[in-house]
Amino acid sequence: MRHVVVGTAGHIDHGKSTLVRALTGIDPDRLKEEKERGITIDIGFAHLDLGDGLTLGIVDVPGHERFVKNMLAGVGGIDLVMLVIAADEGVMPQTREHLAICQLLHVKSGLVVLTKADLAEPEWLELVQEDVRSVLRGTFLEGRAIVPVSAKTGEGLEALRAELAALGRAVPPRGTDATFRLPIDRVFTIRGFGTVVTGTVAAGQVVLEERVLVYPRGREAKVRGLQTHGQTVSLAVAGQRTAVNLQGVERAALERGDVLSLPGLLRPTFMLDATCELLGDAPAPLKPRQRVRFHVGTSEIMARVHLLEGATLEPGSRGYVQLRLETPVVALPRDRYVIRSYSPMVTIGGGTLLDVAPVKARRSATLGARLQVLERGTPEAVVEAELRHVGPGGARTADLRARTPFGPEALRGVLADLTARGRALLVDREWYVHAAAADRLRDTALAALTAFHAREPLKPGMSKEELRTRLGGIDERVFLHLLDRVAAAGLISVEKDKVRLKTHQVRLDDRQRTLVDRLETEFREAGVTPPSFDEAFAKLGIARAEDQALAQVLVDERRLVRVKEGLYFHAEPLQAAESRVLAFLREQRAITPQDVKDLLGISRKYAIPFMEYLDAQRLTVRQGDKRVLREAPRPAPGGRD
Ligand SMILES: Nc1nc2c(ncn2[C@@H]2O[C@H](COP(=O)(O)OP(=O)(O)O)[C@@H](O)[C@H]2O)c(=O)[nH]1
Ligand SMILES: [Mg+2]
């Protein structure tokens with residue numbers, strides 16, 4: 001089965017809607033006002049089965065200059081265009097504007113239909129065709145068929161069907177490796193079913209019962225029903241006109257311009273970096289910060305264009321720009337967009353989105369080079385540029401999905417390639433950091449450690465947390481991966497929560513060593529009733545601050561153990577006391593503070609912190625005023641312990 005979407009285009013009253021009706025038997029003018037006034041206001045839909053498994057979805061657009069906005073919502077997802085020109089009137093303003101829009105949106109192919117052929121003499125028809133050919137010169141429709149048709153007599157309809165079938169079969173199938181996106185062009189409710197949205201599936205596919213998200217507002221819903229061309233289906237794929245019945249979201253929460261996709265895959269943005277081509281017949285150069293109407297997918301948003309090159313952008317030329325939007329949008333790089341001037345409302349240009357999550361742009365050579373890679377680079381170069389851009393925090397695969405044009409398969413392949421070539425590091429599941437960013441992190445870490453050791457020669461190392469803060473508070477997993485890598489390279493040692501340069505050692509001179517030894521003896525002999533540091537310093541006559549700092553050496557060497565804030569036990573008596581309490585507990589099952597005081601001959605001042613320390617060591621647990629042995633946790637039925 002092939003599904004191809006064809007859009008009409010052309011000036012008002014040139015016979016677009018009549019042609020669609022003549023081809024399909026379906027009247028695309030569905031609004032009451034459209035039927036009454038005989039003009040198309042909003043986009044309408046029909047479909048045509050051309051046999052051999054080829055179905056055309058048809059989007060009929062309004063030709064009136066006031067409704068170009070609606071026309072843009074309609075042609076966003078089309079594969080082919082039928083540029084409709086009335087034989088009696090020939091090329092008119094919206095013929096040119098619609099042609100320019102299709103050109104800007106990179107519509108691949110199409111043809112011209114000369115309607116109302118019954119109203120034109122053969123010689124006149126010749127002249128009109130001549131004129132049309134010259135208008136098409138240099139556009140994607142140059143050299144395409146020009147088919148004279150009369151909806152009134154039926155003349156030419158067969159030839160048109162044959163042309164459409166040939167063009168339809170030549171449309172390359174849309175790839176399946178892509179993020180599902182459906183730009184919404186209509187929202188309505190059907191009694192008994194609830195909210196329905198329609199649009200052309202721009203990429204990927206959606207299945208019944210799937211959880212979807214309406215962007216940019218982030219409303220989650222479930223696909224309760226799917227229809228394409230009036231048929232109920234369980235799967236809708238790229239290129240199909242589709243109606244989606246959504247469960248869990250009210251109609252009022254949705255509007256044209258929203259995008260239906262899967263949760264977590266797209267990121268709303270107020271800024272976009274892009275190429276911008278100004279049409280040759282744009283009325284004026286584009287000025288810095290000019291306010292324009294920005295159209296992407298089915299949305300229209302007011303935006304200011306910040307030029308990233310040159311003082312102005314002249315008609316017929318192109319440059320890089322940053323679009324700053326007044327409301328957020330979701331889009332992906334390589335999406336095409338159109339801009340129209342605020343007033344008069346005319347199409348002036350468009351381009352390709354390159355960065356859908358940029359920072360506020362300042363002109364620079366680096367930015368220019370980066371945008372060039374995003375525009376023209378290989379997939380590897382583009383993903384590498386994005387990884388470089390996010391820096392030391394790295395990016396998860398989902399982040400890269402949201403900011404590159406690649407589908408999951410392609411992205412996986414590119415990341416595998418970059419990792420194999422050492423350009424990217426896999427720091428955790430589906431989480432990548434660019435090699436250059438990792439090298440910078442390593443250098444910063446080594447410099448921070450060097451400075452730390454110079455400042456704190458008595459400390460064995462810097463705490464991991466402090467080092468992570470020095471590195472800009474990077475994510476824990478990125479940090480731990482970095483430590484592993486630098487340790488594996490033999491540059492640092494990591495012990496418990498301390499990191500040191502491999503070359504660093506705490507070195508004490510003889511006088512310092514003696515002081516440390518005396519301090520240790522003091523605490524060892526005090527047993528389970530140790531002094532405070534100040535008491536010990538006073539007793540030993542250690543008065544200078546840099547000498548008092550030596551106490552930390554004993555803590556770092558784990559000769560002194562912190563039992564609570566300001567209370568340190570020597571490790572040996574602490575160990576002995578611990579063994580005695582545990583032996584008591586194995587016999588008596590429970591122990592009270594009074595028991596501890598009696599057993600160790602200490603006062604409450606030491607007994608209580610000591611017991612809390614045993615709890616904290618997960619040796620005992622408190623039960624009322626007693627402690628019991630903590631048993632090895634075993635899974636209890638019902639999952640409680
Ligand atoms: N004689 C003649 N009139 C036509 C033909 N196609 C359309 N029309 C008339 O042209 C007018 C505009 O047609 P419509 O389809 O609404 O034009 P649209 O604005 O391009 O959609 C209507 O009055 C149609 O009846 C045709 O092939 N021959
Ligand atoms: Mg019409």
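User: What makes the shell around ligand 1 count as 3 nonpolar, 8 polar and 5 charged residues?

Analyst: It's sorting by residue type: Ala, Val, Leu, Ile, Met, Phe, Trp, Tyr, Cys and Pro count as nonpolar, Asp, Glu, Lys and Arg as charged, and the others, Gly among them, as polar. Sorted that way, the shell gives 3 nonpolar, 8 polar and 5 charged. Bear in mind that this is a predicted model, where local features need pLDDT of at least 70, side-chain atom pairs count only at pLDDT 80 or more, and totals for chains, interfaces and linings use all residues. Residues are numbered from 1 along each chain as written, chains are lettered from A and ligands numbered from 1 in written order, and side-chain values use heavy atoms, with hydrogens and water left out.

User: Which residues come nearest to ligand 1?

Analyst: Asp13, Lys16, Thr18, Asp118 and Ala151, out of 16 around the ligand. To be near, a residue needs a heavy atom within 4 Å.

User: How do you know that Lys116 makes a polar contact with ligand 1?

Analyst: A polar contact is a pair of N or O atoms within 3.5 Å. A polar side-chain atom of Lys116 lies 3.0 Å from a ligand oxygen, so the pair fits that limit. Backbone atoms join in too: a polar one of Lys16 is 2.8 Å from an oxygen of ligand 1, and an N or O of Ala151 is also 2.8 Å from a ligand oxygen. The protein covers 77% of the 580 Å² of accessible area that ligand 1 has on its own (Shrake-Rupley method, 1.4 Å probe).

User: Why is α11 called roughly perpendicular to α13?

Analyst: Helices α11 (residues 435-455) and α13 (residues 476-488) pack at about 75°, their axes 11 Å apart. Roughly perpendicular means 65 to 115 degrees, so α11 gets that label against α13. The axes are lines fitted to C-alpha atoms over the stretch in contact, with angles from 0 to 180 degrees between N-to-C directions. The helices themselves are DSSP runs (H or I, at least four residues).

User: Which residues meet there?

Analyst: Ala438, Asp439, Leu441, Arg442 and Leu446 of α11 meet Val478, Leu482, Arg485 and Val486 of α13 (contact: heavy atoms within 4.5 Å). By class that's 6 nonpolar, no polar and 3 charged.

Notes:
Polar contact = N/O pair within 3.5 Å; in protein donor to acceptor, adjacent residues only side chain to side chain. Helix = DSSP H or I, 4+ residues; strand = E, 2+ residues; numbered from the N terminus. Parallel < 35°, antiparallel > 145°, perpendicular 65-115°, else oblique.
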